[in-house]
Amino acid sequence: MLDALAEAEAELGTNEIARRTGINASTTSRLLATLAGHELVAHVSETGGYRLGRRLVELGHKALGGAGVLELARPHLLALVEETGETATLSAAGETDAVTIDFALSPASVQGVARLGRPSIAHATATGKVLPAFEGR
């Protein structure tokens, strides 16, 4: 089911997921409810469809041990801290909020409270305010 959602270009409904996976529709519905309860998939109330959930970003980060994009971004985070004197965070878009996947703390006495896997609430963080501007692009 996760593969079917990952391969789709848009949200998929229960019946379409059942068709693509060969799993009975009622079983698909129960499994989707369980996956949604753990934020592995997200139910989109406007369309009734499902898409991959933000928890997969957190699990992926843990599974990869921070490899890939994190290794590429790390020197840039450190450079931002050096240039600005502020904490720099790297976030990935989640279901409703961004999720912190890496950060570099500033040497300042007042520091941000960045934590890996922590959501960036839209109204309370810079990342949370920037992401909506680029939705759908």
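**Notes on a predicted model**

1. **Val-44 and its contacts.** Setting aside neighbours within four places in sequence, Val-44 is in contact with Glu-11, Gly-49 and Arg-51. This is a predicted model. Val-44 sits in strand 1. Its relative accessibility is 8%, so Val-44 counts as buried, the limit being under 20%. Take Glu-11 among its contacts. Val-44 and Glu-11 are 33 residues apart in sequence, yet their C-alpha atoms are 7.8 Å apart in space.

2. **The nonpolar cores.** How many residues does the largest nonpolar core have? It has 10. They are Met-1, Leu-5, Ala-8, Leu-12, Ile-17, Leu-32, Leu-35, Leu-40, Val-41 and Tyr-50. A second core is separate from this one and has eight residues, among them Ala-73, Leu-77, Ile-101 and Ala-104.

3. **Helix 5.** Helix 5 covers residues 69-84, which makes 16 residues. Check its length with a short sum. The expected span is 1.5 Å times one less than the number of residues. That gives 22 Å, and the end C-alpha atoms are 22 Å apart, so the two values agree. Which residues of helix 5 are buried? They are Leu-70, Ala-73, Leu-77 and Val-81. Look at their spacing along the helix. An α-helix has 3.6 residues a turn, so residues three or four places apart point the same way. Two of these buried residues, Ala-73 and Leu-77, also belong to the second core. After helix 5 comes Gly-85, with a positive phi near 75°.

4. **Strands 3 and 4.** Strand 3 (residues 88-93) and strand 4 run antiparallel, and six bridges join them. One facing pair is Ala-88 and Ala-104, the latter in strand 4. Is strand 4 enclosed or open? Seven of the seven residues of strand 4 (residues 98-104) are buried, so the strand is largely enclosed by the rest of the structure.

5. **The loop before strand 1.** A loop lies between helix 3 (25-37) and strand 1 (41-44), and it holds Glu-39. His-38 is in this loop too. His-38 is exposed, because its relative accessible area is 53% and the limit is over 50%. In sequence, His-38 is 18 residues from Leu-56; in space, their C-alpha atoms are 9.8 Å apart. Glu-39 is partly exposed, at 35% relative accessible area. Check its backbone as well. Most residues other than glycine have a negative phi. Glu-39 is not a glycine, but its phi is positive, about 60°.

6. **A salt bridge across the chain.** The model has six salt bridges in total. Side chains of opposite charge can pair when their charged atoms come close. One salt bridge joins Arg-54 to Glu-39, with the closest N and O atoms 3.6 Å apart. This pair links distant parts of the chain, 15 residues apart. Arg-54 lies in the loop between strand 2 (49-52) and helix 4, while Glu-39 lies in the loop between helix 3 and strand 1. Is Arg-54 buried or exposed? Arg-54 is buried, with a relative accessible area of 14%. Its partner Glu-39 is partly exposed.

7. **A pair within helix 4.** Glu-58 is in helix 4 (residues 55-64). Its side chain forms a salt bridge with that of Arg-55, at 2.8 Å from N to O. The two side chains also make a polar contact, listed at 2.8 Å. Arg-55 and Glu-58 are three residues apart, about one turn of the helix. Their exposure is worth reading off. Arg-55 is partly exposed at 28% relative accessibility. Glu-58 counts as buried at 15%.

8. **A network in helix 2.** The side chains of Glu-16 and Arg-20 meet in a salt bridge, 2.7 Å from N to O. What separates them along helix 2 (residues 14-21)? They are four residues apart, so about one helical turn lies between them. Glu-16 is partly exposed at 24% relative accessibility. Arg-20 is partly exposed too, at 43%. Arg-19 also takes part: salt bridges that share partners join Glu-16, Arg-19 and Arg-20 into one network.

Technical notes. Residues are numbered from 1 along each chain as its sequence is written. This is a predicted model: local features need pLDDT of at least 70, side-chain atom pairs count only at pLDDT 80 or more; totals for chains, interfaces and linings use all residues. Side-chain values use heavy atoms; hydrogens and water are left out. Helices (H or I, at least four residues) and strands (E, at least two) are DSSP runs, numbered from the N terminus. Buried means under 20% relative accessible area, exposed over 50%, partly exposed in between (1.4 Å probe, protein chains only). A nonpolar core is a set of buried Ala, Val, Leu, Ile, Met, Phe, Trp, Tyr and Cys residues joined through side-chain atoms within 4.5 Å. Contact means heavy atoms within 4.5 Å. A polar contact is a pair of N or O atoms within 3.5 Å; within protein, one must be able to donate a hydrogen and the other to accept it, and residues adjacent in sequence count only if both atoms are side-chain atoms. Two strands pair if DSSP finds at least two bridges between them. A salt bridge is a side-chain nitrogen of Lys or Arg within 4 Å of a carboxyl oxygen of Asp or Glu.
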